[in-house]
Amino acid sequence: MSELRSRADELDAADALAALRGRFVLDDAVYLDGNSLGALPAHVPARIADVVAREWGELRIRSWEESGWWTAPERAGDRIAPLVGAAPGQIVVGDSTSVNVFKALVAAARMAGEDRDEILVDATTFPTDGYIAASAARMTGRTLRPVTPAEVPSAVGARTAAVLLNHVDYRTGRLHDLPALTAAVRAAGAYAVWDLCHSAGALPVGLDEHGVGLAVGCTYKYLNGGPGSPAFLYVRRDLQDRFDSPLPGWNSHAEPFGMRPEYAPAEGAARGRVGTPDILSLLALEAALDVWDGVRIEGVREKSLALTDFFLRCVDAYAPGGRVESLTPRAHAERGSQVALRCVPAGGAPDAAEVMRRLIARGVVGDFRRPDVLRFGFTPLYVGFADVERAARVLGEVLRETA
């Protein structure tokens, strides 16, 4: 519809973040899968070429000191900190999200004490978090109890050691109430561990403001760190001297080059380190974080909500009636930065997986989650309103052609 195309042009013209698109390597496709893998920041290849050719190729071992390799985990953590509402010195980057979930959850159970004999886990969580929670419960002798986030305030109690929650549901895009749920967990004397994979870099989190004890997150989605880029671990400052990692490694030792047989933990966030950092991925991430220079996360959130509002409006206009329904809440307070649409079966129409394949073939890249969900992620740093209109229009065309 020409009215929606005109509105998209107006919104793009007024977009304060529009110039950031030029900081990324993009093509003619509409890329709405940044909630799985962020786009490549344009300056990263040159930085990594320098790391390989000069820092590794010429300086070699000297780069641990002269190029700052040794301090990169904490340095990158301090770059991420303002994006999740944390003061410096509380985030370390390294290992995968799964490994960091394990560290945080076991450490939380240990801090809680032996008399607290259960761990609560988000029943709708990404599967890996559930697997890790089950293993952590076995390791610490706790009972694991799955509950929905809405059930947490009534489920948490004197027996609860820790609660593992997702800030944004990876399937539906529903945003959970971090301040209220954290307050309920803390009031019960337990520790909240938040998975920020689908919120870090997309919306304000407020870790310090809301008293979150422990949090983890990946960096390859909205933070654009690259495939397999290392995850981050947040440990609130007042908990750091009690943080007892289940994976004590030489990198988190108070005297890492002392090579002592007895383990003595380092001070501060460095307690979250384990082994030798993955320098190439870590420095690619650090370079990628440059795209955030001068960007306020509050402005990113404002545009995210405008993009998803406009997408839902366009879907309502373009999609044939009854063929898709939104699983993502319309209320801003309950929405992350993605829209999940359920493909409603209609006679012999293709399933959601086939619809997504056809969308990608026409230059609209989202992803599919079983059994019937089309996911579209909106990264405000490089997605515009014309992209949104085009994506919804092509979706409507595909759905009509396959009816």
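Helices and strands here are DSSP runs, numbered from the N terminus, and the angle between two of them is taken between their N-to-C directions, on a scale from 0 to 180 degrees. With that in hand, let us walk through the structure above, which is a predicted model.

A good place to start is a pair of helices. Helix 5 covers residues 97-112 and helix 6 covers residues 127-140; they pack at an angle of about 35 degrees, and their axes are 9 Å apart. Their crossing is right-handed. If you look for the residues that make this contact, helix 5 brings Ser98, Val101, Phe102, Leu105, Val106, Ala109 and Arg110, while helix 6 brings Thr128, Asp129, Ile132, Ala133, Ser135, Ala136, Met139 and Thr140. Sorted by class, the contact between helix 5 and helix 6 has nine nonpolar residues, four polar ones and two charged ones.

Next, let us turn to a sheet. Seven strands make up an open sheet, in the order 4-10-9-8-7-5-6, and their pairing is mixed. Which strands stand at the edges of this sheet? They are strand 4 (91-93) and strand 6 (143-147); each has a single partner strand, so one side of each is left without a neighbour in the sheet. From one strand to the next, the twist averages 15 degrees.

Let us follow one of those edges. Strand 4 runs antiparallel to strand 10 (residues 232-235), and three bridges join the two. Here you can find valine 93 standing opposite phenylalanine 232 of strand 10. Helices pack against this sheet too. Helix 5, which you have already met, lies across strand 5 (118-122), strand 7 (160-166), strand 8 (191-195), strand 9 (214-217) and strand 10, and it runs at about 170 degrees to strand 9. Helix 8 (residues 178-187) also packs on the sheet, where it touches strand 7 and strand 8, and its direction makes about 150 degrees with that of strand 8.

There is a second sheet to explore. Four strands form it, in the order 11-12-15-14; this sheet is open as well, and its pairing is antiparallel. Strand 11 (324-326) and strand 14 stand at its edges, and because each has a single partner strand, one side of each is left without a neighbour in the sheet. The twist in this sheet averages 35 degrees from one strand to the next. Strand 11 is joined to strand 12 (residues 338-343) by three bridges, and the two run antiparallel. One residue to pick out is glutamate 325, whose bridge partner in strand 12 is arginine 342. Helix 11 (residues 352-361) packs on this sheet, touching strand 12, strand 14 and strand 15, and its direction makes about 40 degrees with that of strand 15.

Now for the aromatic rings. A pair of aromatic rings is described by the distance of the centres and the angle of the planes. How many aromatic pairs does the structure hold? There are eleven. One of them joins tryptophan 64 and tryptophan 70: their centres are 6.2 Å apart with 65 degrees between the planes, and the pair is edge-to-face. Tryptophan 64 has a relative accessible area of 22%, so this residue is partly exposed. Another pair is made by phenylalanine 311 and phenylalanine 378, with ring centres 5.1 Å apart and planes at 55 degrees, so this one is tilted. That pair links distant parts of the chain: phenylalanine 311 sits in helix 10 (residues 297-318), and phenylalanine 378 sits in the loop between strand 15 (373-377) and helix 12 (385-401), 67 residues apart. Are these two rings' residues buried or exposed? Phenylalanine 311 is buried, at 0% relative accessible area, and phenylalanine 378 is buried, also at 0%. Elsewhere, ring pairs link Trp64, Trp69, Trp70, Trp250 and Phe257 into a cluster.

Finally, some details of the backbone. Most residues other than glycine have a negative phi, and most peptide bonds are trans. Aspartate 95 is not a glycine, yet has a positive phi of about 70 degrees. Aspartate 95 lies in the loop between strand 4 and helix 5 and is partly exposed, at 33% relative accessibility. Methionine 259 also has a positive phi, near 55 degrees; this residue lies in the loop between strand 10 and helix 9 (279-288) and counts as exposed, at 58% relative accessibility. As for peptide bonds, the one from arginine 370 to proline 371 is cis, with omega near 0 degrees. You will find proline 371 in the loop between strand 14 (367-369) and strand 15.

Definitions and conventions
Residues numbered from 1 in each chain as written. Predicted model: local features only at pLDDT ≥ 70, side-chain atom pairs only at ≥ 80, totals over all residues. Heavy atoms only, no water. Left-handed = near helix turned anticlockwise from the far one by under 90°. Contact = heavy atoms within 4.5 Å. Nonpolar A, V, L, I, M, F, W, Y, C, P; charged D, E, K, R; others polar. Pairing = 2+ DSSP bridges. Phe/Tyr/Trp six-rings, centres within 6.5 Å; stacked < 30°, edge-to-face > 60°. Buried < 20%, exposed > 50% of the residue type's maximum accessible area, 1.4 Å probe, protein only.
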